[in-house]
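Reader: Got a minute to walk me through this one? I'd like to start with the open spaces.
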Amino acid sequence: MKKAVMYGAGNIGRGFIGQLLSQSGYEVVFIEVNSQMVDKLNADRCYPIEFALDKGNYEIMVDHVRAANGKNLNDVAKEISEADIIATAVGVNILPMIAVPIARGLSRRWKNGNMKPVNIIICENLIDANHYLKSIVKNELCDAEKGLVDKLVGFVEASIGRMVPVMTSEKQKGNILRVCVEEYDELPVDKDGFIGEIPYIKNMVPFSPFEYYIQRKLFIHNMGHAITAYLGYQKGYEYIWEAIGDEKIREISWGAMMESARALSEEHGIELKKIQEHVENLLCRFGNRQLGDTVERVGRDLQRKLAPNDRLVGALNLCIKNHIETRYICMGIAAALLFKDPVTGVVSAMLRENGAEEVLEKICCIKKGTTEWTGIMDNFNEFKSLSLSEFIPNPLPMT
């Protein structure tokens, strides 16, 4: 049986990538620093995934799995040296910590005479994660080995669309390995990132140019999710499913996602109908009560989400580039300016005297006096003085 090394046994590692790898015929070796989870994986050699549906759940078992403790660099290097495929799902901030063990594993692989190409599928929420991980891994290798990285190691970006609810002890039902997920299981990856033969992995979609899928995830999925949260906060909802069930909020979120869809269609030459189908699918998925996603969780970290290249302003800028109207995205950004981040309160603290203007100029990098700046400020001022139901204009045309 071929071996897959899955770096990270968190919700995405177990609840998505590990599942697909196991169902594709691999023995999946999780690299994990949680010793309790490592011991449980090695004792059970399987774990349950519960699929959260709005009308009832069902469960499957993922088998042919085991684990190595990420704190034991020798064990990790051995597993990587023998791997047929590698994947990461550790979080952006942890990537620098796994560069050394990956480099040691590759070095051991080549010293053992294993010159077969190996690909690393990078399942992290970071644009150009492939270039970043490759650079920090190469920094840990000698010059000769750096050349081997270029020839024998593929660094492959992935776009993770599956939504996973926050796991509570209640959801675990006494098993720390149990993970709840939605059914969506498409895994788009960068076709150009592979070296050698592209391996078969269930529901993996190799695509080129991959920028389309990266932007689709960020500027439609993440953007629509965030706008739903910010509008939901305005109306006092706790959960995303409550917010998207509100006709007025759904109208704005759909309108913003369709503005971005039009821009993506123009940018990449993808049929608008195909992207619109994805928008409609996302709106249904946002309404899944079983996911239990909260307005607070989706809306937090506001300063990052208002950055020029992130989900809100990034989508706005893509629309501007492609001459697409941004009426609904401007509404979403205006709502974001009124969201109080419960963790940092960063933007809220700036919303004192003329604070919204300061945020737009210094955080969003939107120039004062532009059409977009004016549109956002007009919406912002209306939001402060009107109820959300009074504020909604006519729906965006379906065409």
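Author: Sure. First, a term: a pocket is an open set of grid points with protein on both sides within 12 Å along at least five of seven lines, and its lining residues have an atom within 4 Å of a point. Keep in mind that this is a predicted model.

Reader: Fine. How much space lies in the largest pocket?
Author: About 1600 Å³. Its lining counts 42 residues.

Reader: Which of them lie nearest its centre?
Author: Asn-125, Lys-217, Asn-222, Arg-297 and Arg-304.

Reader: And which element gives the largest share of that lining?
Author: Helix 8, with 7 residues. Helix 1 (11–23), helix 12 (295–299) and helix 13 (302–305) are also among the elements that supply at least two residues each.

Reader: How does the lining of the largest pocket split by class?
Author: There are 20 nonpolar, 10 polar and 12 charged residues.

Reader: Now closed spaces. How many cavities of 30 Å³ or more turn up?
Author: The search of the whole structure finds 2. The largest cavity holds about 70 Å³, and the second largest has a volume of about 40 Å³.

Reader: What lines the largest cavity?
Author: Ser-159, Gly-161, Tyr-184, Glu-186, Pro-188, Arg-216, Lys-217, His-221, His-278 and Arg-285. By class, that is 2 nonpolar, 4 polar and 4 charged residues.

Reader: Which helices are involved there?
Author: Helix 8 (211–234) and helix 11 (272–286) each give at least two residues. Helix 8 has the largest share, with 3.

Reader: And the second largest cavity, what lines that?
Author: Met-163, His-225, Ile-240, Trp-241, Arg-285, Phe-286, Asn-288, Leu-291 and Asp-293. Helix 9 (240–244) and helix 11 are the elements that give two or more residues to this lining. The classes here are 5 nonpolar, 2 polar and 2 charged.

Reader: Does any residue name come up twice? I mean, which cavity has Arg-285 in its lining?
Author: Arg-285 lines the largest cavity, and Arg-285 also lines the second largest.

Reader: Change of topic. Where does Glu-183 lie?
Author: In the loop between strand 9 (179–181) and strand 10 (187–190).

Reader: Buried or exposed, or somewhere in between?
Author: Glu-183 counts as partly exposed, because its relative accessibility is 41% and that class runs between 20% and 50%.

Reader: What is Glu-183 in contact with, sequence neighbours aside?
Author: Leaving out residues within four places in sequence, Glu-183 is in contact with Phe-51, Leu-53, Tyr-58 and Arg-162. With Tyr-58 there is a polar contact of 2.8 Å between the side chains.

Reader: How far is Glu-183 from Ala-144?
Author: In space, 44 Å, C-alpha to C-alpha. In sequence, they are 39 residues apart.

Reader: Next, Ser-107. Where is it, and what does it touch?
Author: Ser-107 lies in helix 4 (residues 95–111). Beyond four places in sequence, Ser-107 touches Leu-141 and Glu-145.

Reader: Why does Ser-107 count as buried?
Author: Because its relative accessibility is 10%, and buried means under 20%.

Reader: Last one. What about strand 1, how enclosed is it?
Author: Strand 1 (residues 2–7) is largely enclosed by the rest of the structure, because 5 of its 6 residues are buried.

Reader: How does strand 1 pair with strand 2?
Author: In the parallel sense, over 6 bridges. Strand 2 covers residues 26–32. Lys-3 stands opposite Glu-27 in strand 2.

Methods:
Residues are numbered from 1 along each chain as its sequence is written. This is a predicted model: local features need pLDDT of at least 70, side-chain atom pairs count only at pLDDT 80 or more; totals for chains, interfaces and linings use all residues. Side-chain values use heavy atoms; hydrogens and water are left out. Helices (H or I, at least four residues) and strands (E, at least two) are DSSP runs, numbered from the N terminus. Buried means under 20% relative accessible area, exposed over 50%, partly exposed in between (1.4 Å probe, protein chains only). Contact means heavy atoms within 4.5 Å. A polar contact is a pair of N or O atoms within 3.5 Å; within protein, one must be able to donate a hydrogen and the other to accept it, and residues adjacent in sequence count only if both atoms are side-chain atoms. On a 1 Å grid over the protein atoms alone, a cavity is a set of points where a 1.4 Å probe fits but cannot get out, and a pocket is an open set with protein on both sides within 12 Å along at least five of seven lines; lining residues have an atom within 4 Å of a point. Grid points are joined across faces, edges and corners, and a volume is the space filled by probe spheres set on the points. Ala, Val, Leu, Ile, Met, Phe, Trp, Tyr, Cys and Pro count as nonpolar, Asp, Glu, Lys and Arg as charged, and the others, Gly among them, as polar. Two strands pair if DSSP finds at least two bridges between them.
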